[in-house]
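Colleague: Got a minute? I'd like to walk through this one with you before class.

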Amino acid sequence: MVALIKNTPAHRYMIASVVGLVASLIVLAYVLVKAVYAIGIANAGLCHDPPSLTGSISQITVVAVCVACFVAGHAVSWAGTRSRSELRDKLGQTAWSARRAVIVVKTALALFLALLSALMALEALMLLVGIWPITYYVRCAAEANTPIAMLGAGIFTFLAGRWFWIPR
Amino acid sequence: MGRALLILLFAEWALVVIAVATGRIIGDVAWFLAAFALTSTLFLLTSYDVVVDALHVATNADDDEVPERFSLPPQLARSQIVKWAQQREKHLAWVLFGAGIVAGHLWWH
């Protein structure tokens, strides 16, 4: 398997990567359209208040699917780094040694942390004043249509696995 | 500098614990506030680092001519636990990510 990956031309990884990304985005768009359509035609609430913690598929199955998708995303990322060695360099070294490159990466990280902080503060505030936090909408989606929610979670974790911790 | 950030982070967590113990906030809110304390402190650290790097680029200054960066206190940096973590950072990131998901799944309702 490792030999096969090493002998595969770099451009094929690029094609596979782009195809995988486009496929993920198409599935994600399908999940969103399906969710919006379900909300549009609903005559009553799609879930309880507060939403149930369980859906039509067991939690352990959902977690297992998400873990599998994350590992799959990481495997794709690992295969990609075989043909792009510069991705394995640490920030501040060789291909990423230019200070401007360091600034771009750190700024992206700062923005990501700012977004996370804002979401955490929003969740705390909404729970404090008794408004549904974002997590309740996720739970509601899982209760209303567990397979679609699981598909969305799977795609999300696949993309997270693709981009988090590029293997060296 | 690094010591100040650690003190700030633990002070924020202590405030959250006190707020829960005195019944001012419920546990669900506390988990998000504790996570907020961590991410916002990391945001502060990263943003400051970006500013120092930007100063470097803008002024072409040497390392000792720009503001000091945040770093771990020397005693902590030399400790066994930090060395142990640094040697295993690649795998620890995965383990902590997984542990965080499981912890959130079990208690973050």
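**Domains, helices and cores**

Modeller: Sure, and keep in mind that this is a predicted model. Let's begin with chain B, where the domain assignment gives domain 1 (2-71) and domain 2 (79-109).

Colleague: How many Å apart are the C-alpha centres of those two domains of chain B?

Modeller: The centres of domain 1 and domain 2 of chain B are 19 Å apart.

Colleague: OK, switching to chain A. How many helices and strands are there?

Modeller: Chain A has 6 helices and 0 strands. Read from the N terminus, its elements go α-α-α-α-α-α.

Colleague: Which elements of chain A have the lowest and the highest mean pLDDT?

Modeller: Helix 1 (residues 2-7) of chain A is lowest at 63, and helix 4 (residues 99-129) of chain A is highest at 91. For chain A as a whole the mean pLDDT is 84, with 88% of its residues at 70 or more.

Colleague: What share of chain A counts as buried?

Modeller: That would be 20% of its 168 residues. Several buried ones sit in helix 6 of chain A, including A:Ala149, A:Met150, A:Ile155 and A:Phe158.

Colleague: What does helix 6 of chain A span, end to end?

Modeller: Helix 6 (residues 146-163) of chain A has 18 residues and reaches 26 Å from first C-alpha to last, close to the 26 Å expected.

Colleague: And which residues make up the largest nonpolar core?

Modeller: There are 12 residues in it, among them A:Val62, A:Cys66, A:Phe70, A:Cys140, A:Ala149 and A:Phe158. Helix 3 (59-83), helix 5 (134-144) and helix 6 of chain A each give two or more residues to this core.

Colleague: Why would residues like that end up together?

Modeller: As a general point, nonpolar side chains tend to be buried together in soluble globular proteins.

Colleague: Let's zoom in. What is A:Ala149 in contact with, leaving aside neighbours within four places in sequence?

Modeller: A:Ala149 is in contact with A:Gly55, A:Ala141 and A:Ala142. Apart from that core lies another one of 11 residues, including B:Phe32, B:Leu33, B:Ala35 and B:Ala37.

Colleague: Last topic, the contact between the chains. How many residues does each chain put in?

Modeller: Chain B puts in 21 residues and chain A 20 residues. On the chain B side, helix 2 (residues 27-59) of chain B gives the most, with 18 residues.

Colleague: What's the mix of classes on that side of chain B?

Modeller: The side of chain B that touches chain A has 12 nonpolar, 6 polar and 3 charged residues.

Note on methods
Residues are numbered from 1 along each chain as its sequence is written. Chains are lettered from A and ligands numbered from 1 in the order in which they are written. This is a predicted model: local features need pLDDT of at least 70, side-chain atom pairs count only at pLDDT 80 or more; totals for chains, interfaces and linings use all residues. Two residues are in contact if their C-beta atoms, placed from the backbone, lie within 7 Å. Helices (H or I, at least four residues) and strands (E, at least two) are DSSP runs, numbered from the N terminus. Ala, Val, Leu, Ile, Met, Phe, Trp, Tyr, Cys and Pro count as nonpolar, Asp, Glu, Lys and Arg as charged, and the others, Gly among them, as polar. A residue is buried if 20 or more other C-beta atoms lie within 10 Å of its own, exposed if 12 or fewer, and partly exposed in between; C-beta atoms are placed from the backbone. Domain bounds come from an automatic or database domain assignment. The expected span of a helix is 1.5 Å times one less than its number of residues. A nonpolar core is a set of buried Ala, Val, Leu, Ile, Met, Phe, Trp, Tyr and Cys residues joined through C-beta atoms within 7 Å. pLDDT is the predictor's confidence in each residue, from 0 to 100.
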